[in-house]
Amino acid sequence: MTEPGQPIKIFNARTEWLRGEGLSCDVVLSSRVRLARNLAGLPFVAQATRTDRRHILDLCRARLVGAGLAKQLMWLNLHDAPPIDRAVLAERHLISKQLARGVLPGRDAAPDEPRGVAISIPDERLSVMVNEEDHLRLQTIRTGLDLRGCFEQIDAADDSIEAGLDYAFHPRFGYLTACPTNVGTGARFSVMLHLPALRMTGEIDKVKNAAEDMSLAIRGSHGEGSQNTGDIFQISNQTTLGKSEDVLLAEMQDEIVPRVVEYERRARTMLLERRRTILEDKIHRALGVLRGARLMTVDEAMTLLSQVRLGVVLGLIEDLPQQTVNHLLLIVQPAHLQRIANKEMPQGARRIARADLIRERLGPGTNETPRNGQ
Amino acid sequence: MLCECGEREATVHEVIIKNGKKVEKHLCEVCAKNQGFDPKAGVPISQLISSFVLSSPGAKQGKALVCPTCQTTYDSFKQSGLLGCPDCYDAFEDELSPLLERSHEGGTHHVGKQPKRATAKRGRGVDPVMEARKRAEQIKQLRHQLDTALAGEQYEKAAGIRDEIRELSESDEASEELSEGERNGEESREDQAS
Ligand SMILES: [Zn+2]
Ligand SMILES: [Zn+2]
């Protein structure tokens, strides 16, 4: 357990969800399982007073420290953390944007509201948010399609935490959550998918409709309401009541995701066979812009990097490893960019710094290997 | 309110947000069926809540529903989509049940993991009524999977699912005095509540 007083470091350069390894990693960026839990006998977060929330935080923090969840666990009081650190954690998908901002559900921003997060380091595979919408939100994340690995870890973590805390549980409704959409298992199984070919062929809408028919949520990479920048989509189950964790897991891991992966691969093959020149042109233009631009917004960077990633996966670009592109998808985001530059920058300066960083990382187009770390 | 067809009273009310636009639908049962509207389909709860406001005029007026533990009202839940405390689930059980069923593909009872401590603390081990209900829920889910497997011509998988259903059904028959147990179960739950 470490509790740094100084700004947190960006942990390992390649976060789990962008390692670019594992099953179906040509399409699946990462897998994630989330469990929502609340303590018995206490109001849910939105209804709690500040004193309650303080109390909840103390209880959870003490338990998380004592539960032996990981070899090394970092605890952060988010109400004490500088905004940039919170934004870095959100960009790494270790906390939600809501928790980063300190917005209580249904209320105005209150950055100093008592809340925190425990993160296993250096792997960042497990994180536990305290005082988000629910008292506890556990999350495990793995590269590629590995919901089973995620679930085994989170299930064990849940047992360890529960050994020292009383969860709010109802014989009929299961694990009680602040929002009834999560009640029952409290489990959300989700995968982050890179679907550029389905977007290009226009078939993405069919996938979206099919997903809705199957009671799945499909949204942008940063959750509800976010844009699908970089053709990255997240699919997750909506149903949490009446289906066991095993059933939810099997549906997602063995049926739904493989099907979407297959659609995307088929679309990629189709593009290669029938529209190869158009595809190559698009991909190499994207690479050319990234290697030459002097000003770059996040959205443009994500869009172009997405196309380049497709080129790398399809073997149309040979002098770039996939990890370099994956890593750039993370570090071009505002908080990471400022952390790497080690200073706060207004938007205009960030565009310059972003373009510089991309040029530096992508290199001039030889076969050089990517530099490690930041 | 009349249905779009102008012939029958609208009984199915739905508010859908599509491409940022709010679309209200008021349909009679016939039209709802024709339009492929499945009232059991998964609908986000926020939409359900707004459609419930439309579909239950005056139903719960008169007495305001309040959770005795945290004082959260059912009205404020309808606005925020968030409950106030664990006891809200009991306080609003009747109102929540249809909402839950619709937003969880017809699921009505929890199936799956249980916290060990909560079970141990209750001190009465396994509740036979709840177990029976859970089995019923599991069988329902398995039947659904069976249909899917058969539709996909996955016969080996279908056979496996069929075995599972048989096993679950047999254990149901084993607990014969189910209806009696259920009555007792209800009583003891009321005792606890009072
Ligand atoms: Zn009609
Ligand atoms: Zn309450």
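**Exercise 1. A helix of chain B**

Decide whether helix 5 (residues 93-103) of chain B is largely enclosed by the rest of the structure or not, and list its buried residues.

*Solution.* Step 1: of the 11 residues of helix 5 of chain B, 8 are buried, so the helix is largely enclosed by the rest of the structure. The structure used here and below is a predicted model.
Step 2: the buried residues are Glu93(B), Glu95(B), Leu96(B), Ser97(B), Leu99(B), Leu100(B), Arg102(B) and Ser103(B).
Step 3: look past the end of the helix, where Glu105(B) follows with a positive phi near 50°.

**Exercise 2. Chain B as a whole**

Describe the make-up of chain B: its helices and strands, their order, and the share of buried residues.

*Solution.* Step 1: chain B contains 9 helices and 2 strands.
Step 2: along the sequence the pattern reads β-β-α-α-α-α-α-α-α-α-α.
Step 3: chain B has 194 residues, and 34% of them count as buried.
Step 4: take the contacts in chain B with a separation of 6 or more; 49% of these join residues 24 or more positions apart.

**Exercise 3. Confidence along chain A**

Find which elements of chain A have the lowest and the highest mean pLDDT, and where the pLDDT stays under 50.

*Solution.* Step 1: chain A has a mean pLDDT of 88, with 89% of its residues at 70 or more.
Step 2: among its elements, the lowest mean pLDDT (77) belongs to strand 9 (residues 216-220) and the highest (97) to strand 4 (residues 126-130).
Step 3: residues 1-7 of chain A stay under 50, and the model has 14 contacts for them beyond four places in sequence. Residues 367-374 of chain A are also below 50, with 15 contacts in the model beyond near neighbours in sequence.

**Exercise 4. Two helix pairs in chain A**

Classify the packing of helix 9 with helix 10, and of helix 11 with helix 12, in chain A as roughly antiparallel or roughly perpendicular.

*Solution.* Step 1: the axes of helix 9 (residues 298-313) and helix 10 (residues 322-331) of chain A come within 10 Å and cross at roughly 165°. An angle over 145 degrees counts as roughly antiparallel, so helix 9 of chain A is roughly antiparallel to helix 10 of chain A. The crossing of helix 9 of chain A past helix 10 of chain A is left-handed.
Step 2: helix 9 of chain A contributes Met302(A), Leu305(A), Val308(A), Arg309(A), Val312(A) and Val313(A) to the contact, while helix 10 of chain A contributes Gln322(A), Val325(A), Asn326(A), Leu328(A) and Leu329(A). These residues divide into 8 nonpolar, 2 polar and 1 charged.
Step 3: helix 11 (residues 334-341) and helix 12 (residues 347-362) of chain A have axes 10 Å apart and pack at about 75°. The range from 65 to 115 degrees counts as roughly perpendicular, so helix 11 of chain A is roughly perpendicular to helix 12 of chain A.
Step 4: on the side of helix 11 of chain A the contact uses Pro334(A), Leu337(A), Gln338(A) and Ile340(A), and on the side of helix 12 of chain A it uses Arg350(A), Ala353(A), Arg354(A) and Leu357(A). Here the division is 5 nonpolar, 1 polar and 2 charged.

**Exercise 5. Two residues inside helices**

For Ala301(A) and Glu264(A), state whether each is buried or exposed and which residues each touches beyond four places in sequence.

*Solution.* Step 1: Ala301(A) lies in helix 9 of chain A. Its relative accessibility is 0%, so Ala301(A) counts as buried.
Step 2: Ala301(A) touches Met296(A), Val332(A), Arg354(A) and Ile358(A), leaving out residues up to four places away in sequence. One of these, Arg354(A), also belongs to the contact of helix 11 with helix 12 of chain A.
Step 3: Glu264(A) sits in helix 7 (residues 245-274) of chain A and is buried, with a relative accessible area of 0%.
Step 4: with residues up to four places away left out, Glu264(A) touches Val27(A), His194(A), Leu195(A), Pro196(A), Ala197(A) and Leu198(A).

**Exercise 6. Backbone angles**

Place Ser24(A) and Glu153(B), give the phi of each, and say whether each is buried or exposed.

*Solution.* Step 1: Ser24(A), in the segment before strand 1 (28-37) of chain A, has a positive phi near 55° although it is not glycine. Its relative accessible area is 16%; buried means under 20%, so Ser24(A) is buried.
Step 2: Glu153(B), in the loop between helix 7 (128-151) and helix 8 (155-174) of chain B, likewise has a positive phi near 55°. At 58% relative accessible area, Glu153(B) is exposed.

Definitions and conventions
Residues numbered from 1 in each chain as written. Chains lettered and ligands numbered in written order. Predicted model: local features only at pLDDT ≥ 70, side-chain atom pairs only at ≥ 80, totals over all residues. Heavy atoms only, no water. Helix = DSSP H or I, 4+ residues; strand = E, 2+ residues; numbered from the N terminus. Buried < 20%, exposed > 50% of the residue type's maximum accessible area, 1.4 Å probe, protein only. Contact = heavy atoms within 4.5 Å. Axes fitted to C-alpha atoms, helices over the stretch in contact; angles between N-to-C directions. Parallel < 35°, antiparallel > 145°, perpendicular 65-115°, else oblique. Left-handed = near helix turned anticlockwise from the far one by under 90°. Nonpolar A, V, L, I, M, F, W, Y, C, P; charged D, E, K, R; others polar. pLDDT = per-residue confidence, 0-100.
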